[in-house]
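User: Please take a close look at a single part of this structure and describe it in one connected account. I should like to know how the part is held in place and what surrounds it.

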Amino acid sequence: MKRQIKLFAVLAIVLAAGASCNNNPLGDLPLWVVLGPCYAGHTWELESHKEPTCMETGEDVYVCSVCGKEKTDILAKIPHAFGDDPNECIYCHNLFYSSLDEFNEKVTLENAKGKIVEVALGNLDYSDIEYEEHNSGYKGNGLLIGRLPGGDIEPLNRYNAEPAEKGEYTFIFKDGTINSSSNGYSSIDNINGSVIYMLIPGNSSVTFENVVFNNVVSFGIQNYTSPWSYLDSIRFENCIFNGLVVGYSPADNLVFNGCTFNEYLNGYQDVGTFNSSNNSNPIWMRSGKPSYSGEPLVVSMKTVVFTNNTVTSSRPVKFERIGQLSEALGYTATLTILDNQFDMSCSNDADVSEEEKHMALFLGQQDNTSKFILYDDGNKVNDGIPMYTSMLPDSDTTSGGTYYFEVLGTRILDRNGNPKEITARVWKSLSEEFVMRSL
Ligand SMILES: [Zn+2]
Ligand SMILES: [Zn+2]
């Protein structure tokens with residue numbers, strides 16, 4: 001019986017193969033040539049193997065020994081692991097804190113140096129900060145990142161401290177909600193009560209990732225170091241802003257990538273006649289000033305990257321004092337504005353029919369020597385609403401921080417570095433335009 005079944009099976013295969021061959025439209029070629037030698041499946045052999053770590057994925061690369069096809073299997077990262085020190089991974093030696101309180105209490109300059117320090121934020125409310133050192137510091141409502149002087153362990157930064165080298169300190173604050181208690185401000189020069197105050201080393205790299213910011217936020221640091229300092233970079237990755245970002249950039253390099261800015265009106269109650277709703281810019285940031293003594297010359301916001309963001313508002317995202325001291329300091333301010341989506345059609349109770357303020361992006365240079373490079377591409381704005389705006393200076397105006405100056409050396413480019421011209425609208429004007437072009 002068994003033998004009969006076997007025989008029948010062999011006969012069936014021979015018949016099937018024969019039938020296929022007779023119907024072969026390509027003539028007498030054998031079936032395996034027509035369908036490929038691996039029609040029944042490749043014969044995978046492991047070519048190379050890269051072990052995953054807690055910081056990087058690994059991979060197995062296979063090659064088919066019959067046809068030479070290659071495939072790669074990505075191996076998931078392994079989890080960080082902890083030994084005697086509950087914060088330091090035994091593999092990558094980076095530091096992990098499960099709350100801002102834990103970070104503020106435990107992190108030190110020694111153990112954080114050269115490492116990535118990651119802090120899970122959770123839900124955080126503003127509280128009272130009382131920090132004063134030699135007339136520097138901050139007093140008022142805010143969120144303190146880091147530790148004040150006066151405790152058992154030295155703070156990460158303080159008055160007259162030496163700034164770190166760039167690259168020495170890297171902080172990632174992620175996965176949380178920061179609830180500012182400020183719902184508005186009277187002017188960019190008076191933004192008390194909104195600050196996220198970071199007492200971390202000068203020249204640090206800071207990232208906020210997957211954080212929701214509610215209400216009005218600004219960013220403060222201890223500048224009165226020796227010498228005066230800013231952070232190297234501050235990055236916002238995939239953050240949500242249910243409010244406004246205002247004040248000077250605390251870092252040389254400012255990045256907003258993949259963020260969402262939801263509609264919000266400045267709720268400051270002014271005793272005068274000015275309607276604060278006018279200042280409802282999702283971002284209004286400027287290059288920070290050098291020390292009051294003027295030496296050394298250090299400014300912030302030398303580069304701005306604004307990419308893949310979604311903005312819903314009634315007033316433009318605003319970067320001002322662009323290119324501050326760029327000649328003296330030998331840099332060219334660079335703005336990379338790519339692939340953002342703007343809906344600027346939100347209503348604003350400060351709107352008046354004689355003035356147009358619904359525009360996507362306001363750029364203002366420090367003065368008539370502040371050349372800059374703009375990479376612009378892939379941005380989408382509602383039909384009829386201008387992408388760029390600025391104020392045009394009078395013939396005797398040479399500085400101010402909020403004007404569009406035509407400066408030799410300015411480059412207006414697409415994402416590939418090709419020159420382009422952009423027609424922009426004069427701030428508040430219903431129709432007056434100017435052209436941004438390379439000079
Ligand atoms: Zn194959
Ligand atoms: Zn690790």
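The request below concerns the zinc sites, with the core and the unusual backbone positions as context.

User: Which residues coordinate the zinc ion (ligand 1), and which are the protein donors of the zinc ion (ligand 2)? Please then set these sites beside the surroundings of Phe319 and Glu320.

Analyst: The model is a predicted one, and the account begins with the zinc ion (ligand 1). Its coordinating atoms are SG of Cys38, ND1 of His42, SG of Cys64 and SG of Cys67, at 2.2 to 2.4 Å. Along the chain these donors follow the spacing C-x3-H-x21-C-x2-C. The arrangement is tetrahedral because the four donor atoms subtend angles of 94 to 114 degrees at the ion, every one of which falls between the limits of 85 and 135 degrees. Of the donor residues, Cys38 is buried, with a relative accessible area of 12%, whereas His42 is partly exposed at 32%.

The zinc ion (ligand 2) is bound by SG of Cys54, ND1 of His80, SG of Cys89 and SG of Cys92, which lie 2.1 to 2.3 Å from the ion. The spacing here is C-x25-H-x8-C-x2-C. Cys54 belongs to the loop between strand S1 (44-50) and strand S2 (58-64), and His80 to the loop between strand S3 (70-75) and strand S4 (95-97), so this pair ties together parts that are 26 residues apart in sequence. Angles of 104 to 119 degrees among the four donor atoms make this site tetrahedral as well. Cys54 counts as buried, at 5% relative accessibility, while His80 counts as partly exposed, at 27%.

The account now turns to the nonpolar interior. The largest nonpolar core has 73 residues, and Phe208 and Phe319 touch the most other members. Strand S10 gives the most to this core, with seven residues. Apart from this core lies another, of eight residues, including Tyr185, Ile188, Tyr264 and Trp284. Beyond its neighbours up to four places away in sequence, Phe319 touches Leu254, Ile283, Met285, Met301, Val304, Phe306, Leu361, Phe362, Leu363 and Gly364.

Glu320 is found in strand S18 (residues 317-322) and is buried, with a relative accessible area of 2%. Its side chain makes a polar contact of 2.8 Å with the side chain of Arg286. Leaving aside residues up to four places away in sequence, Glu320 touches Ile188, Trp284, Met285, Arg286, Ser287, Met301, Gly364, Gly401 and Thr402. Two of these, Ile188 and Trp284, are named among the members of the eight-residue core. Val352, by contrast, is 32 residues from Glu320 in sequence and 24 Å away in space, C-alpha to C-alpha.

Met301 is touched by Phe319 and by Glu320. Met301 sits in the loop between strand S15 (283-286) and strand S16 (303-307) and is buried, at 2% relative accessible area. Its phi is positive, near 55 degrees, although Met301 is not a glycine. Asp175, in strand S8 (residues 170-179), also has a positive phi, of about 55 degrees, but counts as partly exposed at 38% relative accessibility. A further backbone feature is the cis peptide bond from Ser226 to Pro227, with omega near 0 degrees. Pro227 is placed in the loop between strand S10 (205-221) and strand S11 (231-237). These positions deserve mention because most residues other than glycine have a negative phi, and most peptide bonds are trans.

Conventions:
Residues numbered from 1 in each chain as written. Chains lettered and ligands numbered in written order. Predicted model: local features only at pLDDT ≥ 70, side-chain atom pairs only at ≥ 80, totals over all residues. Heavy atoms only, no water. Helix = DSSP H or I, 4+ residues; strand = E, 2+ residues; numbered from the N terminus. Buried < 20%, exposed > 50% of the residue type's maximum accessible area, 1.4 Å probe, protein only. Donors = N, O, S within 2.8 Å, 3.2 Å for Na, K, Ca; no water. Tetrahedral: all angles 85-135°; square planar, octahedral: opposite > 155°, others 65-115°. Core = buried A, V, L, I, M, F, W, Y, C linked by side-chain atoms within 4.5 Å. Contact = heavy atoms within 4.5 Å. Polar contact = N/O pair within 3.5 Å; in protein donor to acceptor, adjacent residues only side chain to side chain.
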